[in-house]
Amino acid sequence: MTAPSALLIDDLKTRYSEPQRHYHSWDHIEALLGHYHQIVDRLNDPVAVLWALYWHDAIYDPQASDNEDKSADLLNEMAPAELAGTSKQRADAIIRATKQHVIPDTLATEDRADMALFLDIDLSILAAPERVFKAYEDQIRQEYAFVPEPIYVQARNAILKGFLNRDRLYFSDYFHEQWTLQARENLQQSIEILDAKEREHG
């Protein structure tokens, strides 16, 4: 087995169409699929990465802190027996790693390489054209509309600065070379806007 069945895909599309989603929707999955097809020949276990891609945001409640773990649990519940055990385990690990976007040191070299490529494409939006990145920032704000503006601005600013301050935004050499410059420009521009808002809020 290589890809989820049409029945499973239909179930996922229903989940990704939930009203609280503005960025974490099926459009996000389709965008990642485009990147996946560019790197599929570079992957050690393309099946694991594909299943992780489909399920990594299957559970998404902006007010919860365990979406990634629940999404991984859902994959384990829904994945058919035909999906090889090792691929399912790798997909599970990839999904859980999206919580902090950090690669565990304990992984085998080939698994680390696959996870690096997946985590990179999951952050591909950071290197999108400026207009697309701004739309993404607006969509994230919509998903957290329940958070008061001063609190959101402070929290979002901290998240973006955390990414900008990393030695490397992208783990793989492949995407590091392609995306880093644009991603850092986008992050810097958003941080400047958020810094200004923080000053306004006092």
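What covers the buried residues of helix α4? The cover includes α1 (6–15), α3 (46–55) and α5 (85–97). Keep in mind as you read that this is a predicted model.

**Helix α4 and its buried side**

Let us look at α4 itself. The helix runs over residues 67–78, which makes 12 residues, and spans 16 Å from its first C-alpha to its last, close to the 16 Å expected at 1.5 Å a residue. Its buried residues are Asn67, Glu68, Ser71, Ala72, Leu74, Leu75 and Met78. They sit on the same side of α4, because they cover an arc of only 155 degrees around the axis. A general rule helps here: an α-helix has 3.6 residues a turn, so residues three or four places apart point the same way.

**Asp57, a buried acid**

Just before this helix comes a loop worth a visit. Asp57 is found in the loop between α3 and α4. Which side chain of opposite charge is nearest to Asp57? That is Arg21, 5.9 Å away, and Asp57, though buried, has no salt bridge. Its side chain does make a polar contact with the side chain of His28, at 3.5 Å. Setting aside residues up to four places away in sequence, Asp57 touches Tyr16, Arg21, His24, His28 and Ser71. Ser71 is also one of the buried residues of α4.

Arg21 has a charged partner in Glu18: the two form a salt bridge, with their closest N and O atoms 3.1 Å apart. Is Arg21 buried or exposed? Arg21 is buried, because its relative accessible area is 7%. Glu18, at 26%, is partly exposed.

**Salt bridges**

Side chains of opposite charge can pair when their charged atoms come close. How many salt bridges does the structure hold? The structure holds 15 of them. Here are three, including the Arg21 pair from above.

| Pair | N to O distance |
|---|---|
| Arg21 and Glu18 | 3.1 Å |
| Asp69 and Arg96 | 3.1 Å |
| Arg112 and Asp105 | 3.9 Å |

In the last row, Arg112 is partly exposed at 30% relative accessibility, whereas Asp105 counts as exposed at 70%. Salt bridges that share partners also join Asp69, Asp73, Asp92 and Arg96 into one network.

Now take the middle row, where the side chains of Asp69 and Arg96 meet in a salt bridge. This pair links distant parts of the chain: Asp69 belongs to helix α4 and Arg96 to helix α5, 27 residues apart. Asp69 is partly exposed, with a relative accessible area of 28%, and Arg96 counts as partly exposed at 28% relative accessibility.

**Phe118 and Ser124**

Further along the chain, Phe118 has its place in helix α6. Phe118 counts as buried because its relative accessibility is 0%. Which residues does Phe118 touch, not counting those up to four places away in sequence? They are Val49, Ala52, Leu53, His56, Ile94 and Thr98. The chain's folding also shows in a C-alpha distance: Phe118 and Leu50 are 68 residues apart along the chain, and their C-alpha atoms are separated by 9.2 Å.

Ser124 lies in the loop between α6 (109–122) and α7 (130–143). With 11% relative accessibility, Ser124 counts as buried, because the cut-off is under 20%. Leaving aside neighbours within four places in sequence, Ser124 is in contact with Leu32, His35, Tyr170 and Trp179.

Definitions and conventions
Residues numbered from 1 in each chain as written. Predicted model: local features only at pLDDT ≥ 70, side-chain atom pairs only at ≥ 80, totals over all residues. Heavy atoms only, no water. Helix = DSSP H or I, 4+ residues; strand = E, 2+ residues; numbered from the N terminus. Expected span 1.5 Å × (residues − 1). Buried < 20%, exposed > 50% of the residue type's maximum accessible area, 1.4 Å probe, protein only. Arc of directions from axis to C-beta. Contact = heavy atoms within 4.5 Å. Lys, Arg positive; Asp, Glu negative; His and termini not counted. Salt bridge = Lys/Arg side-chain N within 4 Å of Asp/Glu carboxyl O. Polar contact = N/O pair within 3.5 Å; in protein donor to acceptor, adjacent residues only side chain to side chain.
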